[in-house]
Amino acid sequence: MLTRWLARAMDAQDGWVKPLGTWAHGLLNRLFGSVPGVRDVLDGRWLGHPLHAVLTDAPIGILFLVIVLDVLGQSVAADTTLVVGILAMLVAAVAGFADYSDTDGKARDRATLHATLMSSATVLYVVSLGLRLAAGASGSARPAAIAVSVVSFLVLTAGAYVGGDVVYVFGNMVSRHAFRGSGTKWLPMELAETDTHGSIPEGRPIKARLGVNSLVLIREGERILALHETCAHAGGPLSSGELVNGQIECPWHLSRYRMVDGHLTRGPSVYDQPAYEVRAKEGGGWEARRRP
Ligand code: FES
C-alpha cells in the first residue's frame with residue numbers, strides 16, 4: 001500500500017536525519033530558548049493555535065499560481081508571484097523552526113526531513129528566480145528556469161506531505177486533551193501522597209488520581225487548586241514540575257499554566273490546561289470534577 005511504502009521511505013532516511021536533527025534541534029532550542037517571548041509569538045500562543053499551520057497554506061497556493069502563470073505565458077506576473085511565494089515560505093519557515101525547537105523523538109525525525117525538503121525547495125525557487133532574472137521575459141534560459149520551479153513545487157509537495165505526518169501521525173503541537181470529555185460529575189480523588197495528618201501537603205505539586213485521569217494539585221491553606229497532570233503541549237508530567245508565582249512549569253519544555261484556572265502563560269504550548277474543582281468529601285477524603 002502506498003502509505004506504508006511512503007512511511008518506509010521516510011524511515012529509511014533516519015541514518016542522516018537523526019544526527020542532523022540532533023544538531024539542528026540543539027542549535028534552535030538554544031536560539032529560541034534565549035528569547036521565549038519571540039518563540040511564544042512564533043508558536044502561536046497569542047492565537048491559541050499553532051501559527052506555522054496557519055502560515056503554510058499561503059506559499060503552497062502562491063507557488064502553485066506561479067506554475068499556472070508560467071503555463072499562460074504571463075512571465076512578469078509569474079516572476080512577481082514567485083518572489084511573493086519565496087517570502088511567504090521564509091515567514092512560514094521561521095514559525096516552523098520555532099515549533100521544531102521543542103520537538104522530540106520520532107516527531108523530530110520527521111520534522112527534520114520536512115525542514116530539509118522545504119529548505120531545498122526554497123533554494124531551488126531562489127535558483128529559478130535567478131535564472132528568470134538573468135533570462136528576462138523571453139530569453140533562452142527561461143524554459144530551464146520554469147523547469148526548476150516545477151521541480152521545486154514537487155519537492156515542496158513532498159515536504160508538505162512529510163509535514164502532515166509530523167502533526168497527524170506523530171501528534172506534534174496537537175493538544176493532548178483534544179479528545180478529553182468535559183464531564184462535570186464529582187468523583188472521589190486518590191492522593192499519591194499525604195502529609196503527616198493524612199491531608200494534601202502544602203505549597204508543592206502533588207499527583208492525584210481522578211477516575212481514569214491524573215491531576216496535579218497545589219494546596220494553599222484551605223484552597224486546593226487542580227489541573228490535569230498531562231501537559232497539553234506534548235504530555236509532560238506537571239506534578240514533576242516547579243511552582244513559579246502561582247503557575248506550574250512543565251518539566252519537559254517549560255510551558256507554564258496558571259494553577260487557578262489552567263490559563264497558559266508561557267509556551268511552547270499554545271493550549272490552556274483543563275482545570276478542576278476540588279472539595280472535601282463528607283466523611284473524609286476529597287472529590288473533584290472538571291470545571292464546567
Ligand atoms: S510537554 Fe512540552 S511544555 Fe509540557
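**Close-ups of a predicted model**

**View 1. What sits over helix 2?** Helix 3 (36-43), helix 6 (75-100) and helix 7 (105-135) are among the elements that cover the buried residues of helix 2. Keep in mind that this is a predicted model. And which residues of helix 2 (residues 14-33) are buried? They are Val-17, Gly-21 and Phe-32.

**View 2. Here's how the chain splits into two domains.** Domain 1 covers 2-168, and domain 2 covers 187-290. Going by C-alpha atoms, the centres of domain 1 and domain 2 are 39 Å apart.

**View 3. Let's zoom in on where the domains touch.** On one side are eleven residues of domain 1, in contact with seven residues of domain 2. What classes of residue does domain 1 bring to the side that touches domain 2? There are six charged residues, three polar ones and two nonpolar ones.

**View 4. Now for an open sheet of four strands.** The strands run in the order 5-6-7-8, and their pairing is antiparallel. Strand 5 (242-244) and strand 8 (264-266) are at the edges with a single partner strand each, so one side of each has no neighbour in the sheet. On average, neighbouring strands here are turned by 35° against each other, ignoring direction.

**View 5. Here are strands 7 and 8 up close.** Sheet strands pair through backbone hydrogen bonds, in a parallel or antiparallel way. Strand 7 (residues 256-258) pairs with strand 8 in the antiparallel sense, over two bridges. Pick out Arg-256 and look across to strand 8: its bridge partner there is Arg-266.

Notes
Residues numbered from 1 in each chain as written. Predicted model: local features only at pLDDT ≥ 70, side-chain atom pairs only at ≥ 80, totals over all residues. Domains from an automatic or database assignment. Contact = placed C-beta atoms within 7 Å. Nonpolar A, V, L, I, M, F, W, Y, C, P; charged D, E, K, R; others polar. Pairing = 2+ DSSP bridges. Axes fitted to C-alpha atoms, helices over the stretch in contact; angles between N-to-C directions. Buried ≥ 20, exposed ≤ 12 C-beta atoms within 10 Å, placed from the backbone.
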